[in-house]
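Reader: I have a chain open on the bench computer and want to go through it with you. Can we start with the terms and then the details?

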Amino acid sequence: LYSGITPTLLGVMPYAGLSFAVFETLKAAARTRWGLTSDRELPTAARLTIGGVAGLIAQSATYPLDIVRRRMQVAPAGGPHALG
């Protein structure tokens, strides 16, 4: 297909897993801090903020794989690799 498929696939799994884990952890911490009994009681603004922070952390952690993927995609076919 294209030369960046491997880093793309390897980057999606950690991003999704980390984003989900951070979101659930922060959501539980907010629920405990505010004394709520259910996730549905969390205000919309809190959910949006928690989701944004989770996405920021996950993207920051997986950014190096994104750089590798982009460099592999723009490297000329059969030519010297853009990684070195």
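Author: One term to begin with: buried means under 20% relative accessible area, exposed means over 50%, and partly exposed is in between. Asp-39, with a relative accessible area of 25%, is therefore partly exposed. Keep in mind that this is a predicted model.

Reader: Fine. What does the secondary structure of the chain come to?

Author: Two helices and zero strands. The chain has 84 residues, and 23% of them count as buried.

Reader: How much area does the chain expose?

Author: About 5800 Å², with carbon and sulfur atoms supplying 66% of it.

Reader: Back to Asp-39. Which residues does Asp-39 form salt bridges with?

Author: One partner is Lys-27, where the closest N and O atoms are 3.2 Å apart. That pair links distant parts of the chain, since Asp-39 sits in the loop between α1 and α2 and Lys-27 in helix α1, twelve residues apart. Another partner is Arg-31, with the closest N and O atoms 2.3 Å apart. Arg-31 counts as partly exposed, at 23% relative accessibility.

Reader: And Lys-27, buried or exposed?

Author: Buried: the relative accessibility of Lys-27 is 7%, and the cut-off is under 20%. Leaving aside neighbours within four places in sequence, Lys-27 is in contact with Asp-39, Leu-42 and Ile-50. Ile-50 is one of the buried residues of α2.

Reader: What does the side chain of Lys-27 meet in helix α1?

Author: Glu-24, in a salt bridge of 3.3 Å, N to O. The two residues are three apart in α1, about one turn of the helix. An α-helix has 3.6 residues a turn, so residues three or four places apart point the same way. Glu-24 is partly exposed, with a relative accessible area of 29%.

Reader: How many salt bridges does a search of the whole structure find?

Author: Three. Glu-24, Lys-27, Arg-31 and Asp-39 are linked in a network of them.

Reader: Switching to helix shape. How far does α1 reach?

Author: From its first C-alpha to its last, α1 reaches 42 Å over 29 residues, close to the 42 Å expected at 1.5 Å a residue. After α1 comes Gly-35, with a positive phi near 70 degrees.

Reader: Where does the kink in α2 lie?

Author: At Thr-62, shortly before the proline Pro-64, and the kink is about 50 degrees. The helix runs over residues 44–74. Thr-62 is also among the buried residues of α2.

Reader: What covers the buried residues of α2?

Author: The cover includes α1. Going the other way, the buried residues of α1 pack against α2. Those of α1 are Pro-7, Thr-8, Gly-11, Ser-19, Val-22, Lys-27 and Ala-30.

Reader: Which residue is 8.9 Å from Ile-5, C-alpha to C-alpha?

Author: Gln-73, which is 68 residues away from Ile-5 in sequence. Ile-5 belongs to helix α1 and is partly exposed, with a relative accessible area of 27%.

Reader: What share of the contacts with a separation of 6 or more comes from residues 24 or more positions apart?

Author: They account for 59%.

Reader: Last one. Which residues make the nonpolar surface patch?

Author: Leu-10, Met-13 and Leu-65, covering about 280 Å². Met-13 is in helix α1 and counts as exposed at 57% relative accessibility.

Key:
Residues numbered from 1 in each chain as written. Predicted model: local features only at pLDDT ≥ 70, side-chain atom pairs only at ≥ 80, totals over all residues. Heavy atoms only, no water. Bend = angle between axes of the 7 residues up to and from the residue. Helix = DSSP H or I, 4+ residues; strand = E, 2+ residues; numbered from the N terminus. Buried < 20%, exposed > 50% of the residue type's maximum accessible area, 1.4 Å probe, protein only. Contact = heavy atoms within 4.5 Å. Expected span 1.5 Å × (residues − 1). Patch = residues over 30% accessible without salt bridge, like charges linked within 9 Å, V, L, I, M, F, W, Y side chains within 5 Å. Areas by Shrake-Rupley, 256 points an atom, 1.4 Å probe, with all protein chains shown as cover. Salt bridge = Lys/Arg side-chain N within 4 Å of Asp/Glu carboxyl O.
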